[in-house]
Amino acid sequence: MSPSGVYLNISAGPTVPVPLPNLAVEAMESIEVTHQDQGRSGFQINMSIGRSGPADIVDYYLLRQPVLKPFNRIIISVVFNAIPRVLMDGVITHQQISHGNEPGVSRAIITGEDISVMMDMEEKDVEYPAQDETVIANRIISSYGEYRLVPVVIPPPMIDIPVPTERIPVQQGTDLQYLTEIAERHGYVFYIIPGPVPGQNVAYWGPPVRAGLPQKALSVNMGPNTNVSDIEFTYDMLQPSLYSGSIQDRTSNRAIQVETVGGTRIPLSRRPALQGGQPDVRRRRFRRGGLNASQAYGQAQGLTDDSTDKTVTASGELDATVYKEILQPRGLVGLRGVGGTYDGTYYVQKVTHNIRKREYKQRFTLNREGTGALTPLVIP
């Protein structure tokens, strides 16, 4: 199923996932797994479902397998460079069947999403008296113990513990919707990271990870060191925005002016799009109510930070067997060989794994707040 040196493992089942039967594995033609830091991550498995014997007269073999039914849990992992990696711990949500009269053309497409889909199944009305967003995030994540979620919750710069006599935070919607909503107030993200061992997951609620050691560099037009087959860039100066407005301070009942002057993310570029005093930048109004001064400043800054993240976007493809590593999303990576404007360190926002027989490719999306590398050389 996998290219040389890459070994694929798939387990599925209604409660505890178990390895798929050999016939099911042999029927797989392609697997696609997508990870991103906004919205749910997902997977799609394309399988051949031709009839192979008398037992298939009543129904196809694959469709008789209870492990591939919707809402079963599924774990997809690979062994790459002798290191096991969990690519997906999710739930089957769709089953699509395409029939044909010719041999070998009937297909089953198994589609699903990561464990966070189970946090999006029930709309709730819940009050959280005297609990700030950090406490709320930990509380919601901890309620999903059956999926072995390990919460990693980063407190926002401005924490305002609500006084019950003044206000009570109220959730109206699913747990996933509310976690995403309170994250976006601060320019944060929420996502599930599968692993590091099968059956365990990390639930991350915090800012995009723009610190730490970059992954192995992506190299373009560098002869034998080239590991990226194609890449393109977009520089969108309409993305970064400054926010300003007047709010009624909930505590003092006085009107206060809120204004941002730049981004506060850890810089990845030498020339960020937002620089102090520049006149040619999009300016937006901050129009949120029911806040005190610290909340208003924190949320306005979160909006500005979020707007700068996708100023420069790079999209491309690599062959994992040439790259000799698996590019991981939601972290940093170095890029070299594309010139001084776009060389440097990027945040990996999205990665799609495409696995076929003797083929393992990855599509990726990188972004940062401006142009130019911070260092003269990119670490290979």
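**Backbone exceptions and two open sheets**

Asn81 is partly exposed, with a relative accessible area of 43%. The model described here is a predicted one, and Asn81 makes a convenient place to start reading it. This residue lies in the loop between β5 (73–80) and β6 (83–98). Although Asn81 is not a glycine, its phi is positive, at about 55°. Most residues other than glycine have a negative phi, and most peptide bonds are trans.

A positive phi is also found at Ala130, again in a residue other than glycine, with a value near 60°. Ala130 sits in the loop that runs between β8 (124–127) and α2 (133–142). Its relative accessibility is 41%, and Ala130 therefore counts as partly exposed, a class that lies between the limits of 20% and 50%.

The peptide bonds offer an exception as well. Gly195 and Pro196 are joined by a cis peptide bond, with omega at about 10°. Pro196 belongs to the loop between β11 (189–194) and β12 (201–206).

Those two strands lead on to an open sheet. Its 3 strands are arranged in the order β9-β12-β11, and the pairing is mixed. At the edges stand β9 (149–153) and β11, each of which pairs on one side only. On average, neighbouring strands of this sheet are turned by 20° against each other, direction ignored. Strands β9 and β12 run parallel and are joined by 5 bridges. Within this part of the sheet, Leu149 stands opposite Asn201 of β12. Helix α2 packs on the sheet and touches β9, β11 and β12. The direction of α2 makes about 170° with that of β9.

Another open sheet of 3 strands follows the order β16-β15-β18, and here too the pairing is mixed. The edge positions are taken by β16 (255–259) and β18 (282–285); each has a single partner strand, so one side of each is left without a neighbour in the sheet. The average turn between neighbouring strands of this sheet is 15°, direction ignored. Strand β15 (residues 241–248) pairs with β16 in the antiparallel sense, over 5 bridges. Ser244 has Glu259 in β16 as its bridge partner. Helix α4 (residues 293–308) packs on this sheet, where it touches β15 and β16. Between the direction of α4 and that of β15 the angle is about 160°.

Note on methods:
Residues are numbered from 1 along each chain as its sequence is written. This is a predicted model: local features need pLDDT of at least 70, side-chain atom pairs count only at pLDDT 80 or more; totals for chains, interfaces and linings use all residues. Side-chain values use heavy atoms; hydrogens and water are left out. Helices (H or I, at least four residues) and strands (E, at least two) are DSSP runs, numbered from the N terminus. Buried means under 20% relative accessible area, exposed over 50%, partly exposed in between (1.4 Å probe, protein chains only). Two strands pair if DSSP finds at least two bridges between them. Axes are lines fitted to C-alpha atoms, for helices over the stretch in contact, and angles run from 0 to 180 degrees between N-to-C directions. Contact means heavy atoms within 4.5 Å.
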